[in-house]
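Dear colleague,

I am passing the structure on to you below, and after it I set out what was found, beginning with the cysteines and then turning to the packing.

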Amino acid sequence: TYVADTGNDRIVKITSAGVQSTLPFTGLVDPAAVAVAADGTVYVADTGNNRVLRLPAGGGAQETVGFTGLDFPMGMAIDSAGNPHVLYKTSDANVSADNSILAYATCAQDCTNAANWAVGYTFLVGTDFQAKYAIDTDASNRPRIVLYSADLVTNDPAQARSLYYGWCNSACTTAANWGSAFVGLNQRDGVSPDLVLDSGNLPHI
């Protein structure tokens, strides 16, 4: 088990015997998520530094993934093929002049090279600084996300401060290919959601 120990700026590994150790990442600030590939490569959403780091399997120095422009990366998942999937906030005046956008990125090879990352948008998350989000992938390696936003994602005031579930089945760097559903829990504060898909691809939030 690997834990993003956000308050202590570290990543902790816990064995089945309960022995814990700190992984050799340096300079972390408020890391929000960690994901580990089958080969042992560790990816971390270094949220406070607006970057994603990886620690190669078998040892070696930490590496920064190749693409830039991240804002509060909080979602980090590895699919069954070992490919990383990242969720973060960004803005684009061509999409919306006054709203943040939940962006999605993935990579299939040599992920320290920016050219190998596919980057796109999911949907608007409003202007609120406190949006929280997480990501997982299903058995077919398709991304599924959960979002808590204290601002409106839709025009329905009843859906402020609420949870949303999002999905995409193909070409997921194109915003039009994402669907979303209002989960509920409106008017709640302090929600930091997590997401796990079970063996039947059903979401647990």
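A disulfide is here a pair of cysteine sulfur atoms within 2.5 Å. This is a predicted model, in which local features need pLDDT of at least 70 and side-chain atom pairs count only at pLDDT 80 or more, while totals for chains, interfaces and linings use all residues. Residues are numbered from 1 along each chain as its sequence is written, and side-chain values use heavy atoms, with hydrogens and water left out.

The structure holds two disulfides, paired 1-2, 3-4 when the bonded cysteines of the chain are numbered in sequence order. One links Cys107 to Cys111, with an S to S distance of 2.3 Å, and its S-S torsion is about -105°, so this disulfide is left-handed. Cys107 is buried (under 20% relative accessible area, with a 1.4 Å probe and protein chains only), at 2% relative accessibility, and Cys111 is buried at 4%. In the other, the sulfur atoms of Cys168 and Cys172 lie 2.3 Å apart; both of these cysteines are buried.

As for packing, a nonpolar core is a set of buried Ala, Val, Leu, Ile, Met, Phe, Trp, Tyr and Cys residues joined through side-chain atoms within 4.5 Å. The largest has 18 residues, and among those with the most contacts inside it are Val52, Phe67, Val86 and Trp117. A second, separate core of 15 residues includes Leu87, Phe123, Ile145 and Cys172, the last of which is also bonded to Cys168.

With best regards

Technical notes:
Buried < 20%, exposed > 50% of the residue type's maximum accessible area, 1.4 Å probe, protein only.
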